[in-house]
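Got the model open in your viewer? Let's walk through it one selection at a time.

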Amino acid sequence: MDLDALIPEHTGKFDAILIIGPPGSGKGTMAKFISAAGSHCHLSSGDMFRGILPETPLGEVFHKYSSKGLLIPDELTVHLFRLYLMGLIHTNVFQPSKQVLILDGLPRTLSQARLLDAHVHVKGIINLEVDDPELLVNRIRRRSFIDKRPDDRERSVLKKRLQFFESETLKLLEYYDLNVVHSVNASQKPLEVLRDILIKLASII
């Protein structure tokens, strides 16, 4: 019996909405709200990486980079995305014919965006804007105590992450078609941010 034939590869691109914003802007929270509002599938890059078993070959490679504070290579990130997504499909968590992917934290770079072009059709982008860096730092540090993530409490680490967003991730807004980019003021209360997002995406989800 050909076991591989029992788990066929998905052909074609997946419809997706990207949630882009600096650390602390509420990407994860909004992505969960949006996916729940439209019964769509939320895929977080953080969950994807944290789900890697450290004793596996992939986990060893991931640990080699993360233990040194280095970014995971873009090719490896997108490869992991495909593996993770196939798992969601084959366990019926994600139904491509009925649902849209809500991508949170992916892509982070232009290189990742170009690699993802072969797999996703970006129908909309929510750009979460926060003008006050101190507000972002305070949000992240508060979250670190709730989620028990001590690495998010160091100001030097937080500033480095914010600088990376400014220098790399913001370039994505110039890469994609401006017609699919929707900017939202993420300094508001969560429900106000969600309201504005749903208005922007009403025709998509």
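Start by selecting strand β1, residues 14-20. Six of its seven residues are buried, where buried means under 20% relative accessible area, exposed over 50% and partly exposed in between, with a 1.4 Å probe and protein chains only. Helices (H or I, at least four residues) and strands (E, at least two) are DSSP runs, numbered from the N terminus.

Before you click on: this is a predicted model, so local features need pLDDT of at least 70 and side-chain atom pairs count only at pLDDT 80 or more, while totals for chains, interfaces and linings use all residues. Residues are numbered from 1 along each chain as its sequence is written, and side-chain values use heavy atoms, with hydrogens and water left out.

Now add the partners of β1. Strand β4 (residues 120-129) pairs with β1 in the parallel sense over seven bridges; two strands pair if DSSP finds at least two bridges between them. Look for Ile 20 opposite Asn 127 in β4. Strand β3 (residues 101-104) also runs parallel to β1, with four bridges, and there Ile 17 stands opposite Ile 102.

Keep Ile 102 on screen and select Ser 35, in helix α1 (residues 27-38). What does Ser 35 touch, not counting residues up to four places away in sequence? Its contacts (heavy atoms within 4.5 Å) are His 40, Cys 41, His 42 and Ile 102. Ser 35 is buried, at 8% relative accessible area.

Slide along to Ser 39, in the loop between α1 and β2 (41-44). Ser 39 is exposed at 52%, and its phi is positive, near 55°, though the residue is not glycine.

Next stop: helix α4, residues 74-90. At 1.5 Å a residue (times one less than the number of residues), its 17 residues should span 24 Å, and the end C-alpha atoms are indeed 24 Å apart. Buried residues in α4 include Leu 76, Phe 81 and Ile 89. After the helix comes Asn 92, with a positive phi near 65°; Asn 92 sits in the loop between α4 and β3 and is exposed at 52%.

Past β3, find Pro 107 in the loop leading to α5 (110-116). The peptide bond from Leu 106 to Pro 107 is cis, with omega near 0°. Most residues other than glycine have a negative phi, and most peptide bonds are trans.

To finish, select Asn 127 again with Pro 22, Leu 136 and Phe 165: they are among the residues lining the second largest pocket. β4, α6 (133-147) and α7 (155-167) each give two or more residues to that lining.

Note on methods. On a 1 Å grid over the protein atoms alone, a cavity is a set of points where a 1.4 Å probe fits but cannot get out, and a pocket is an open set with protein on both sides within 12 Å along at least five of seven lines; lining residues have an atom within 4 Å of a point.
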